[in-house]
Amino acid sequence: SDRYNVFMKKDSGFTVIELIVVIIILMVSAFLFSTQKQNLEASMRDNKRKVDINTIHHNLEKVYFAKNKSYPRELNEGTLPAVQPDTFKDPNGITINESRQGLLGETPSDYKYEAKGCNQETGACKSYTLHTNLELEADYTKKSTNK
């Protein structure tokens, strides 16, 4: 009977197969988590871009145009003082229509403001286009509504 117990005795611990299965499950979970995290962060950056463009558009239409009956040639804190300064900066911190020099070359702002039909002397413009590049959706554009 002792001889029978020697063969039936099971050592405690994990088999190599069990360890491999657990490691694979952990790797898949980590991959899924990081993918979801990246998508969530990109979605948050896209949301900031849309909110900023909508804020600038609203202030151009309801504040600047209402007062001046035209649009500015350039956008900055001076032309739209009611807008928070950070609104003019994309999620990378680059100001609208500007670019930043980095290790990989020049990086342009995600935000573009293009004034159209501008009077060279007064700087008063007839229309504009506001544009931003989005990561997860089609690019986002707002145009002047007053003509």
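Select asparagine 97 to begin: at a relative accessible area of 43% this residue is partly exposed, where buried means under 20% relative accessible area, exposed over 50% and partly exposed in between, computed with a 1.4 Å probe on protein chains only. The model is predicted, so local features need pLDDT of at least 70 and side-chain atom pairs count only at pLDDT 80 or more, while totals for chains, interfaces and linings use all residues. Residues are numbered from 1 along each chain as its sequence is written, and side-chain values use heavy atoms, with hydrogens and water left out.

Asparagine 97 sits in the loop between H2 and S1, where helices (H or I, at least four residues) and strands (E, at least two) are DSSP runs numbered from the N terminus. Its phi is near 65°, a positive value in a residue other than glycine. Now select lysine 69, which belongs to the loop between helix H2 (16-68) and strand S1 (99-102). Lysine 69 also has a positive phi, near 55°, without being a glycine, and with a relative accessible area of 60% it is exposed.

Next, select tyrosine 113 and display its surroundings. With contact taken as heavy atoms within 4.5 Å, and leaving aside residues up to four places away in sequence, tyrosine 113 touches Leu60, Tyr71, Pro72, Arg73, Glu74, Leu75, Ile96, Asn97, Tyr128, Thr129 and Leu130. Asparagine 97, the starting point of this tour, is therefore among the residues that tyrosine 113 touches.

From tyrosine 113, extend the selection to the largest nonpolar core, a nonpolar core being a set of buried Ala, Val, Leu, Ile, Met, Phe, Trp, Tyr and Cys residues joined through side-chain atoms within 4.5 Å. This core has 16 residues, of which Ile56, Leu60, Leu75, Leu80, Ile96, Tyr113 and Leu130 touch the most other members. At least two residues of the core are supplied by each of H2, strand S3 (111-116) and strand S4 (127-132), and the largest share, five residues, comes from H2.

Move on to the strands themselves. S3, S4 and S5 make an open sheet of three strands in the order S3-S4-S5, with antiparallel pairing; two strands pair if DSSP finds at least two bridges between them. S3 and strand S5 (140-143) stand at the edges with a single partner strand each, so one side of each is left without a neighbour in the sheet. From one strand to the next the twist averages 15°. Between S4 and S5 the antiparallel pairing runs over four bridges, and here one can select histidine 131 to find it opposite threonine 141 in S5. Bring H2 back into view: the helix lies across S3, S4 and S5, running at about 170° to S4, with axes being lines fitted to C-alpha atoms, for helices over the stretch in contact, and angles running from 0 to 180 degrees between N-to-C directions.

Which residues does H2 use to reach the loops through charged side chains? Start with arginine 45, which forms a salt bridge with glutamate 135, the closest N and O atoms being 2.7 Å apart. The salt bridge is defined as a side-chain nitrogen of Lys or Arg within 4 Å of a carboxyl oxygen of Asp or Glu. Glutamate 135 is in the loop between S4 and S5 and arginine 45 in helix H2, so this pair ties together parts that are 90 residues apart in sequence. Both ends are partly exposed, glutamate 135 with a relative accessible area of 39% and arginine 45 at 29% relative accessibility.

Keep glutamate 135 selected and add arginine 49, since the side chains of these two residues also meet in a salt bridge, at 3.0 Å from N to O. Arginine 49 forms a further salt bridge with aspartate 110, where the closest N and O atoms are 2.8 Å apart, and this pair links helix H2 with the loop between strand S2 (105-108) and S3, 61 residues apart. Arginine 49 counts as buried at 4% relative accessibility, and aspartate 110 is buried with a relative accessible area of 12%. Salt bridges that share partners join Arg45, Asp46, Arg49, Asp110 and Glu135 into one network.

End at cysteine 118 and cysteine 125, which form a disulfide with their sulfur atoms 2.0 Å apart, a disulfide being a pair of cysteine sulfur atoms within 2.5 Å. The link is right-handed, with 100° about the S-S bond. Cysteine 118 is partly exposed at 24% relative accessibility, whereas cysteine 125 is buried with a relative accessible area of 2%.
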